Amino acid sequence: MKFILLILTLLFVGCDNPLEPEITFLNIYLDSEKDSNGYYHIDYNGTTYKHVYYQTTPNQRVRWGSEDTFSIDWMFNTYEEPIINYSTYADEWGSGQQLFYLDSEAVGDTMMIVGYINEVAWDYLYFILE
């Protein structure tokens, strides 16, 4: 009877070790020049969007955020929105990209983008809009 209970328990619970951490990582980057201080430099040429690229585990969801915002005037109200938002999923190789907004009023500013998977796997970058 104990043997049958053991087999049933293994079938329903499994053999995974709940204390073993899930290996997840995140590396975000831009296709722009990076200086010796680790800041990317983006030349503003009138284009309003740019890509941030990332590498992580396959089919992983990456959430995005930034403390930098831009303003939208709509129906007599002004709204502040982050330059990057929402989330994306990596492809089957763990690669992906997300768009972020470039505002002409931010030329000369240093801005930050954060990618987040969990408390262990997150990354950020700074860029200067020139």
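Is Thr24 buried or exposed, and what is its relative accessible area?

## Environment of Thr24

In this predicted model, Thr24 lies in the loop that links α1 to β1. Its relative accessible area is 11%. Thr24 is therefore classed as buried, since this value falls under the 20% cut-off.

Leaving aside residues up to four places away in sequence, Thr24 is in contact with Thr56, Thr57, Gln60, Ile117, Asn118 and Ala121. One of these partners, Thr56, belongs to strand β4, which covers residues 49-56.

## Sheet architecture

An open sheet is built from three strands, arranged in the order β1-β4-β9 with antiparallel pairing. Strands β1 (26-29) and β9 (95-101) occupy the edges, each of them pairing on one side only. From one strand to the next, the twist averages 25 degrees.

## Pairing of β4 with β9

Strand β4 (residues 49-56) runs antiparallel to β9, and the two are joined by seven bridges. Among the residues involved, Val52 has Gln98 of β9 as its bridge partner.

## Model confidence

The mean pLDDT of the protein is 88, and 83% of the residues score at least 70. Confidence is lowest in helix α1 (residues 2-13), where the mean is 63. The highest value, 97, belongs to β1, which is also an edge strand of the sheet. The loop that carries Thr24 thus runs between these two elements, the one of lowest and the one of highest confidence in the protein.

Conventions:
Residues are numbered from 1 along each chain as its sequence is written. This is a predicted model: local features need pLDDT of at least 70, side-chain atom pairs count only at pLDDT 80 or more; totals for chains, interfaces and linings use all residues. Side-chain values use heavy atoms; hydrogens and water are left out. Two strands pair if DSSP finds at least two bridges between them. Helices (H or I, at least four residues) and strands (E, at least two) are DSSP runs, numbered from the N terminus. Axes are lines fitted to C-alpha atoms, for helices over the stretch in contact, and angles run from 0 to 180 degrees between N-to-C directions. pLDDT is the predictor's confidence in each residue, from 0 to 100. Buried means under 20% relative accessible area, exposed over 50%, partly exposed in between (1.4 Å probe, protein chains only). Contact means heavy atoms within 4.5 Å.
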